[in-house]
Every structure is written in structure tokens, then in C-alpha cells.
Amino acid sequence: MDAFYASIEQRDDPALRGRPVAVGHAGERGVVAAASYEARRYGVRSAMPSLRAARLCPALVFVPARFDVYRDVSATVMDVFFEYTDLVEPLSLDEAFLDVTHNHFDNPSATLIAREIKQKIFERTRLTASAGVSVNKFLAKIASDYRKPDGLFVIKPSQTEKFVEGLPVEKFYGVGKVTAEKMRRMGIRTGYDLKQFTKEQLVRVFGKAGHAYYHYSRGVDDRPVNPDRIRKSLGAENTFERDTFDPADIRSELAAMGDKVWSRASAKDFQGRTVTLKLKFSDFRIITRSKTLLTPVTGKSQMLDIAYSLLDQVPLDEKPVRLAGITISNNDLTELAEAVQLKFNFPQYPEM
């Protein structure tokens with residue numbers, strides 16, 4: 001979807017149309033959750049501090065997030081996807097991979113399917129979407145960003161090699177700013193440059209990610225569209241109105257987040273054995289503390305008790321805390337079965 005949250009706000013409030021809009025809260029503690037295309041022209045981006053966004057775009061209009069509305073619209077969009085195929089792998093509320101090799105309409109053209117999906121989404125939500133069509137996930141994802149907003153871009157099999165060779169490394173999946181800079185220092189600026197390195201060389205420099213970079217530079221991605229992706233973790237975090245040293249303030253915030261986390265975990269029937277506490281200090285240093293149980297966490301009280309005990313282990317007298325978060329993870333029950341200690345009932349003998 002195109003600027004999903006911001007586009008919904010502009011759709012629902014005609015006064016916002018054509019204006020630079022940021023979903024989030026203004027002020028010192030605010031962060032931009034999403035930005036309209038009008039705001040992006042000024043350099044405003046998601047995850048940017050609100051104060052910086054306001055400096056870049058003095059006319060920026062901040063609107064609070066309405067996640068219940070976004071989830072409802074997302075459900076409508078996903079319903080459109082499932083009309084065409086059962087192989088839908090959601091990545092977020094507004095994005096998914098679809099495998100339409102065998103689709104419900106026996107349509108041999110993925111491009112025509114993408115065009116129909118875009119039209120149905122617009123008819124039902126009055127919002128635009130951009131689609132990428134290609135032979136694998138890596139290429140389709142890149143294609144989906146290539147003609148935004150309201151775009152449709154196709155990378156055919158015969159075009160793959162030339163397209164990837166000319167692609168800047170910043171566009172490669174998994175290549176962030178730090179990795180891109182590291183590649184530039186090695187003389188790697190495009191897919192063609194990346195292709196000149198052996199797999200062993202890339203793994204030596206970039207670790208296991210080097211395997212992916214090697215294959216991506218050749219347009220290869222064998223990952224299937226997985227409609228049953230297992231959720232790895234579930235959590236929430238919040239930035240305080242003011243930095244604090246007070247454990248009571250942090251506990252109070254953790255309790256509020258615990259309500260959200262456990263409500264979501266219950267709704268999704270998510271079980272986890274690891275509870276992780278996250279703290280960000282005023283100097284933006286981040287630490288995490290975790291505890292893993294032999295059995296899944298059974299309730300909100302147990303989850304919070306673990307979080308509180310982890311908090312007690314952190315010295316809070318050096319820098320005040322800016323942000324706190326709780327995450328539940330580790331829902332691998334196969335690993336659980338291997339970890340449980342066996343108990344044997346030995347016969348009782350009288351003392352000698």
C-alpha cells in the first residue's frame with residue numbers, strides 16, 4: 001500500500017488531502033509512524049523524531065494513529081489477495097507476497113492479476129497500492145517500490161540479469177546504511193560489482209548474509225511464499241514523557257505495556273518461553289535482559305513478574321531511562337520437548 005497510515009488519514013479527512021501529513025505525535029518525545037508523499041518531499045520519513053520532521057517541513061500536520069482503523073482496512077486488502085490465491089505471506093498490515101503460479105481464476109498472467117488486485121483494492125478502500133511482479137521474492141519486492149505511488153512494475157525473466165547488475169547495492173534486501181558503506185569501501189556500488197566477488201569472499205566479510213548477497217547479485221532467491229509463517233515474537237515498547245531514574249515509574253509503564261502484550265498474545269494464541277526487557281537510556285544506549293522458562297509463560301502476572309525481576313538486575317543510577325519495552329518470544333515447542341528433564345521413580349531402600 002502507498003503511504004498506508006497517512007493515506008487513510010487523508011482519505012478520511014478531506015482537509016488533509018494534498019497537505020504534508022505525519023501520523024504520530026508532535027513534540028520532543030514524538031516519533032513519525034508514517035508520512036504522506038507530500039511530507040516525504042521534504043525528507044520526512046517514518047521513525048524520524050517529530051521535532052526534526054517539523055524542522056524539515058514547518059507546514060507538517062501531525063495526526064494521532066488509529067490502529068484499529070488501519071487493521072480494518074488491512075483485513076479488506078488481505079481479503080482481496082485471498083480471492084486470487086491461498087499462498088499469501090503477509091509482511092505487515094500493508095504488504096504481502098503472493099504466489100499466483102496456480103491461482104483461483106486460472107489466469108496465466110501475473111501482471112494482469114496484479115492490475116486487477118490494484119483496481120479491486122481501490123474500489124473497496126479508495127486507496128492506491130503498488131505492485132511488483134517477478135520470478136521470486138527478492139525481485140518482486142524491489143519491483144513493488146520501483147514506481148510508487150500507484151505503481152505496477154514487472155521484471156521479466158529475460159530482464160533479470162541486466163536489471164540486477166544495474167541495481168544500487170542500497171536496494172538489495174538486507175543491505176542497510178552501514179553495510180552499504182562497507183560495500184562502497186570495497187568498491188561495490190551495484191549488483192554488477194557485487195557479482196564479481198565469490199561466495200567465500202562475501203561470507204568472510206559479511207558473515208552468513210554473504211550467502212544471500214551472492215545469490216541476490218545473480219537474481220536468485222529460492223524462498224517460497226510461506227502462508228504459515230510462524231510468529232517469532234510479540235511485544236510492545238513506549239517512550240516516557242520524561243526520562244526517569246525511578247523504578248516505580250518504569251514498573252508502571254511496564255504494567256501498561258503488559259496489558260497490551262498479553263491481550264495481543266491471547267488474541268493470536270501466541271505462546272512463548274522467553275520474556276525480554278528492553279531499556280533505552282537518555283544517551284540512547286540500549287540494553288536487554290531475558291529469562292527463558294522450560295514451559296510457556298502462563299499469564300500476564302507471570303510475564304510482568306519476570307520483567308520486574310529483570311528490571312531489578314539493572315543499575316538505574318547512571319543514566320535516566322528514556323524507553324522501556326517487553327517482548328515474549330521463543331515459541332518453539334519442539335525445543336521445549338527436548339529441554340524437559342526426565343524424572344525417574346527409583347525404588348526406596350531402607351538406610352544401611
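**Close-ups of a predicted model**

**View 1. Helix α11 and its neighbours: the buried residues of α11 pack against α6 (137-144), α7 (160-165), α8 (177-185), α9 (191-195) and α10.** Everything shown here and in the views below comes from a predicted model. Which residues of α11 are the buried ones? They are Gly210, Tyr213 and Tyr216. Look down the axis of α11 and these buried residues fall within an arc of 125°, so they line one face of the helix.

**View 2. Helix α10 (residues 199-206) meets helix α11 (residues 209-216).** Here we stay with α11 and bring in α10, one of the helices that the buried residues of α11 pack against. The two axes come within 7 Å and cross at roughly 140°. That angle makes α10 oblique to α11. As for handedness, the crossing of α10 and α11 is right-handed. On the α10 side, the residues to look for are Lys199, Leu202, Val203 and Phe206; their partners in α11 are Ala209, Gly210, His211, Tyr213, Tyr214 and His215. Gly210 and Tyr213 have already turned up among the buried residues of α11.

**View 3. Helix α12 (residues 247-267), from end to end.** This helix has 21 residues, and its first and last C-alpha atoms are 30 Å apart, close to the 30 Å expected at 1.5 Å a residue. Its buried residues are Ile250, Leu254, Met257, Gly258, Val261, Trp262 and Ala265. What do they pack against? The answer is a mix of strands and a helix: β8, β9 (274-281), β11 and α13 (300-312).

**View 4. Helices α12 and α13 pack at an angle of about 150°.** Their axes are 10 Å apart, and α12 passes α13 in a right-handed crossing. From α12, the contact draws on Pro247, Ile250, Arg251, Leu254, Ala255, Gly258, Asp259, Val261 and Trp262, while α13 brings Lys300, Met303, Leu304, Tyr308, Leu311 and Asp312. Some of the α12 names will look familiar: Ile250, Leu254, Gly258, Val261 and Trp262 are among the buried residues of that helix.

**View 5. Helix α5 (residues 110-125) has the length it should.** At 1.5 Å a residue, its 16 residues should span 22 Å, and the C-alpha atoms at its ends are indeed 22 Å apart. The buried residues are Ile113, Ala114, Ile117, Lys118, Ile121 and Thr125, so a lysine is in the list too. They cover an arc of only 140° around the axis, which puts them on the same side of α5. Their packing partners are the helices α1 (4-12) and α4 (67-82), along with the strands β5 (95-98), β6 (131-133) and β7 (152-154). Just after the helix, keep an eye on Arg126, which takes a positive phi of about 60°.

**View 6. Ser329 sits in strand β11 (residues 321-329).** Is Ser329 buried or exposed? With a relative accessible area of 17%, Ser329 is buried. Setting aside residues up to four places away in sequence, Ser329 touches Lys232, Ser233, Phe270, Gly272, Arg273 and Thr274. Its strand, β11, is also one of the elements that the buried residues of α12 pack against.

**View 7. Arg242 is found in strand β8 (residues 233-244).** At 68% relative accessibility, Arg242 counts as exposed. Apart from neighbours within four places in sequence, Arg242 is in contact with Arg29 and Val321. For a sense of scale, Arg242 and Phe105 are 56 Å apart, C-alpha to C-alpha, with their positions 137 residues apart in sequence.

**View 8. Ala65 lies in the loop between β3 (61-63) and α4.** Its relative accessibility is 31%, so Ala65 counts as partly exposed. Leaving out neighbours within four places in sequence, Ala65 is in contact with Val23 and Tyr70. The C-alpha atom of Ala65 is 28 Å from that of Leu98, a residue 33 places away along the chain.

**View 9. Zooming out: the protein chain has 14 helices and 11 strands.** Taken along the principal axes, the C-alpha atoms fill a box of roughly 85 × 55 × 45 Å. Of the 352 residues in the chain, 39% are buried. Among contacts between residues at least 6 apart in sequence, 58% join residues at least 24 apart.

Methods:
Residues are numbered from 1 along each chain as its sequence is written. This is a predicted model: local features need pLDDT of at least 70, side-chain atom pairs count only at pLDDT 80 or more; totals for chains, interfaces and linings use all residues. Side-chain values use heavy atoms; hydrogens and water are left out. Helices (H or I, at least four residues) and strands (E, at least two) are DSSP runs, numbered from the N terminus. The expected span of a helix is 1.5 Å times one less than its number of residues. Buried means under 20% relative accessible area, exposed over 50%, partly exposed in between (1.4 Å probe, protein chains only). The arc is that of the directions from the helix axis to the C-beta atoms. Contact means heavy atoms within 4.5 Å. Axes are lines fitted to C-alpha atoms, for helices over the stretch in contact, and angles run from 0 to 180 degrees between N-to-C directions. Angles under 35 degrees count as roughly parallel, over 145 as roughly antiparallel, 65 to 115 as roughly perpendicular and the rest as oblique. A crossing is left-handed if the near helix is turned anticlockwise from the far one by less than a right angle, and right-handed if clockwise.
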